[in-house]
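I opened this model to get my bearings. These are my notes, in the order I looked things up.

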Amino acid sequence: MDVDKKYFSNITTRERAIFEGAISMGALFHQFVGTPVNKNTKNSLETSMEESLKLQPAIEDVKVNIRFDKLEESMTEFEYTSLTGDMLDVKIYTKVDDITAIIRIEFIEELNYPLMYVEDISED
């Protein structure tokens with residue numbers, strides 16, 4: 001079956017690149033927010049998030065950074081906390097044909113909000 005022809009012929013390649021990154025970013029956010037984390041597990045959680053998202057269609061690369069400053073602010077007396085949106089700084093790189101999109105989430109201080117947005121779109 002030609003999945004592209006059957007299910008994605010109604011959108012442009014540019015829209016598909018954005019769609020693939022955005023759907024993966026939403027999945028990352030809702031799958032991992034709430035995960036127990038501390039300074040000792042931060043790196044392995046970042047790697048797990050990256051590797052799991054790279055399995056999705058059209059995902060070329062993923063860069064996850066759990067902000068250490070926000071992690072430390074949230075630390076409890078039990079030496080761990082739960083991952084929250086304000087700790088995330090993530091870039092998802094998607095490629096569909098010759099279009100590359102970078103979808104990002106980062107905490108925007110002025111908004112007091114972890115904003116998901118299209119950071120860049122380019123054509124090779």
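**Entry 1: Thr 81 and its surroundings**

I began with a side chain. A polar atom of the Thr 81 side chain lies 3.0 Å from the backbone oxygen of Ser 74. I keep in mind that this is a predicted model.

Next I asked where Thr 81 sits. It belongs to strand E3, residues 81–82. Is Thr 81 buried or exposed? Its relative accessibility is 8%, under the 20% cut-off, so Thr 81 counts as buried.

I then listed what Thr 81 touches, leaving out residues up to four places away in sequence. The list holds Thr 35, Pro 36, Val 37, Leu 71, Ser 74, Met 75 and Met 87. Ser 74 thus appears among the contacts of Thr 81 and also supplies the backbone oxygen noted above.

**Entry 2: Pro 36**

I followed one of those contacts. Pro 36 is in strand E1, residues 36–37. Its relative accessibility is 54%, over the 50% cut-off, so Pro 36 counts as exposed.

Which residues does Pro 36 contact, apart from neighbours within four places in sequence? I found Thr 41, Tyr 80, Thr 81 and Ser 82. I also checked Tyr 80 by its backbone: 44 residues separate it from Pro 36 along the chain, yet their C-alpha atoms are 6.6 Å apart.

**Entry 3: The sheet**

I moved on to the sheet. Four strands form it, in the order E2-E4-E5-E6. The sheet is open, and its pairing is antiparallel. At the edges I found E2 (59–66) and E6 (113–123), each paired on one side only. On average, neighbouring strands are turned by 10° against each other, direction ignored.

I looked at one pair in detail. Strand E4 (residues 88–96) and strand E5 (residues 99–108) are joined by seven bridges. Ile 92 has Ile 103 in E5 as its bridge partner.

Which helices pack on the sheet? Helix H2, residues 13–32, does, touching E2, E4, E5 and E6. Its direction makes about 145° with that of E4. Helix H3, residues 42–53, packs there too, touching E2 and E4. The direction of H3 makes about 160° with that of E2.

**Entry 4: The whole chain**

Last, I stepped back. I counted four helices and six strands. Along the sequence they follow the pattern α-α-β-α-β-α-β-β-β-β. The C-alpha trace spans about 55 × 35 × 20 Å along its principal axes. Of the 124 residues, 36% are buried. The chain exposes about 7,400 Å², with 50% of that from carbon and sulfur atoms.

Definitions and conventions:
Residues are numbered from 1 along each chain as its sequence is written. This is a predicted model: local features need pLDDT of at least 70, side-chain atom pairs count only at pLDDT 80 or more; totals for chains, interfaces and linings use all residues. Side-chain values use heavy atoms; hydrogens and water are left out. Two strands pair if DSSP finds at least two bridges between them. Helices (H or I, at least four residues) and strands (E, at least two) are DSSP runs, numbered from the N terminus. Axes are lines fitted to C-alpha atoms, for helices over the stretch in contact, and angles run from 0 to 180 degrees between N-to-C directions. Contact means heavy atoms within 4.5 Å. Buried means under 20% relative accessible area, exposed over 50%, partly exposed in between (1.4 Å probe, protein chains only). A polar contact is a pair of N or O atoms within 3.5 Å; within protein, one must be able to donate a hydrogen and the other to accept it, and residues adjacent in sequence count only if both atoms are side-chain atoms. Accessible areas come from the Shrake-Rupley method with a 1.4 Å probe; for residues, only the protein chains shown count as cover.
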